[in-house]
Amino acid sequence: MKIAVEGCCHGELDKIYDAINHIRDKKGIEIDLLLCCGDFQAVRNEGDLECMAVPRKYRQIQTFYKYYSGEKKAPVLTIFIGGNHEASNYLQEIPYGGWVCPNIYYLGYAGIVNYGGIRIGGLSGIFKGRDYRRGHYEKTPYSDESIRSVYHIRNVEVFRLKQVKQPLDIMMSHDWPRGVYRHGNIHKLTQMKPFLKSEIETETLGSGPTAELLASLHPKYWFSAHLHVKFAALVKQMHLGEEKVTKFLSLDKCLPGRSFLQVLDVPTDSKKPYELTFDTEWLSILRLTDRFTSISPKEVRLPDPSQSSSFIPSLGDVAKVRTLLGENLKIPENFEQTAIPYNPNNLDRHPTQPVLKVNSQTTFLCSKLGITDPTRMLIEEEDGLSPLTMEDTGDEVRLSDNYADFDDTSESKNLDVSVTDDSDMSFLGNETYASFDSSVNNSMCVTPGNPEEISLDDIPSDGEGEQVVSGWEKETEDGVRAKEGKMLPRAVLLPPKLDINESSDPGETDPDTSGNELDPHSMFLKRKKLNVQGSSSRDASDEASLSGDTERSDCGPESDKEEPPVWKKKLKRRNLSIYSSNDGDDES
């Protein structure tokens, strides 16, 4: 099965699907499935933008609404998890997963599905200690706090995933499992993102709960995003006397000059049809743990490990689920619109946060399994108001202005896809087809309303710049090769003891920085009369957001201003302790 994996989507569906169409047309590779690792931004209209945790000037409608309205349809089945920049009100409608539009499926707070014999799991959101043990209490209108806490992972989802015992092929999380960087090329990682070095040295980079899941699930593949960098690792762990190997890959965001897409050929059972089906073990776990579903901001108490075995599904539990579903495990294509799509010809000049709504997909699954719909519980908490007729009382959300993922310039930046040399991906061996970066070219496909299109002209000919290398283990068999040729001892990935009072990983601020080394496929960006080589100048502004400098005029969009002196850059890096201060929630 040809699976395309994408990093942070940020609503750029037109560009991502154009890249996939290019792979098909120019490389002859037909993609069977697309996986997106968070920050998907299923924004249907202006009201949804009000529910997304970014400063107002970075709220852009992007292109998802075209797929929601039916103007376009995703050319390939797309499965995604949530990140930390989402239209949270919409995703709350389908906490156990569901279609956000035809052919695009959300895995829910946590979930497992099957497609063509491939078992795919995911955990949405990022870790934040103060919210980890709470219930899902957030509802619109979100406060300044709840608009962020709504996308923080909860202990109940992690507990449920720990009950999974059947083999898992693919696992997705937005932030990285803590410690996974020890199993890859740390030197190259810190070269690309120098400010991550202190977090690596103190073993604080990444998420503790996802590290626990990596040690528990042992999936064949683990895909992440969040840190806006391409990074591969080979994680070897012992389990019941047998060595388990997980191939970890993190990808960048969809921007010029970034490694945002990777195509893999994953072995599968040829007898299985390519259709999306429920996972009976996962649904059994949902039924067994339904008592822990909570909409309270108070701590959710879960069983200790000695008692958790009673929540591992038996064969009888799995058989019961099959009976409840009538032996039909295919996920019904029962998408229905629950909001009016964005109309560029009829703009909402004064949008407010929409009320939560009950989604018929969640109602269907909950009624079949006899489990609780947390969104319905939240809605019915409002005395005397029907779940579907609540009046909108949303308040304007005020956020700090230190978010640097989006470019609010109206100038067109033409994005083009090219094939890159992926020696760091050689651990995938023959399963690797190619990864795809972007470079600037003249646009040949422009869609109205989207000024940042992928151009598909002047693509390198087949095989140009492409290299598939085997034997990545040679580099990591004894450790990670340092710059001087010395070998660092390979660390064993052990789940850290979870401190619920700790800050999240540094991904809670956009971790891009300026000064990265240019790769052979560097992007050339021409704005007016200024040529900027390398990554977008947004990278420099991202570093400003890390240091808490919110007054820089070039924070976010690209700037034509002169590059700051080197001493100023060093001064910025010296103040990167922002990770452990403030709230740290203006993440990548």
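Reader: Hi! Is Arg 44 buried or exposed?

Author: Arg 44 is buried in this predicted model, because its relative accessible area is 2% and buried means under 20%.

Reader: Which residue does Arg 44 form a salt bridge with?

Author: The partner is Glu 93, and the closest N and O atoms of the two are 3.6 Å apart.

Reader: Where do those two sit in the chain?

Author: Arg 44 lies in the loop between strand 2 (33-36) and helix 2 (46-49), while Glu 93 lies in the loop between helix 4 (88-91) and strand 4 (98-101), so the pair ties together parts that are 49 residues apart in sequence.

Reader: And Glu 93, buried or exposed?

Author: Glu 93 counts as buried, because its relative accessibility is 3%.

Reader: OK, how many salt bridges does the whole structure have?

Author: A search of the whole structure turns up 24 salt bridges.

Reader: Cool, which residue meets Lys 72 in a salt bridge?

Author: Lys 72 meets Asp 14, side chain to side chain, at 3.1 Å from N to O. This pair links distant parts of the chain, 58 residues apart: Lys 72 is in the loop between helix 3 (64-69) and strand 3 (78-80), and Asp 14 is in helix 1.

Reader: Is Lys 72 buried, exposed or partly exposed?

Author: Lys 72 is partly exposed, because its relative accessible area is 26%. Asp 14, on the other hand, is buried, with a relative accessible area of 2%.

Reader: What about Glu 12, which side chain does that one meet?

Author: The side chain of Glu 12 meets that of Lys 15 in a salt bridge, 3.5 Å from N to O. Glu 12 and Lys 15 are both buried.

Reader: Which residues are linked in a network of salt bridges?

Author: Arg 130, Asp 131, Arg 134 and Glu 145 are linked in that way.

Reader: Changing topic: what is the peptide bond from Thr 140 to Pro 141 like?

Author: That bond is cis, with omega near 0°. You can find Pro 141 in the loop between strand 7 (118-123) and helix 5 (146-149).

Reader: Now backbone angles. What is phi of His 10?

Author: Phi of His 10 is near 55°, which is a positive value in a residue other than glycine. His 10 is placed in the loop between strand 1 (2-6) and helix 1 (13-27), and counts as buried because its relative accessibility is 5%.

Reader: And what phi does His 218 have?

Author: His 218 has a positive phi of about 50°, although it is not a glycine. Look for His 218 in the loop between helix 9 (208-217) and strand 9 (221-224). His 218 counts as buried too, at 11% relative accessibility.

Reader: Let's move along to strand 9. Which residues are on its two sides?

Author: Tyr 221 and Phe 223 are on one side, with Trp 222 and Ser 224 on the other. All of them are buried, so both faces of strand 9 are covered.

Reader: Why do they swap sides like that?

Author: In a regular strand the side chains alternate between the two faces of the sheet.

Reader: How many bridges join strand 9 to strand 11?

Author: Four bridges join strand 9 to strand 11 (residues 242-250), and the two strands run parallel. In strand 11, Ser 250 is the bridge partner of Ser 224.

Reader: And in what sense do strand 8 and strand 9 pair?

Author: Strand 8 (residues 170-173) pairs with strand 9 in the parallel sense, over three bridges. Ile 170 has Tyr 221 of strand 9 as its bridge partner.

Notes: Residues numbered from 1 in each chain as written. Predicted model: local features only at pLDDT ≥ 70, side-chain atom pairs only at ≥ 80, totals over all residues. Heavy atoms only, no water. Buried < 20%, exposed > 50% of the residue type's maximum accessible area, 1.4 Å probe, protein only. Pairing = 2+ DSSP bridges. Salt bridge = Lys/Arg side-chain N within 4 Å of Asp/Glu carboxyl O.
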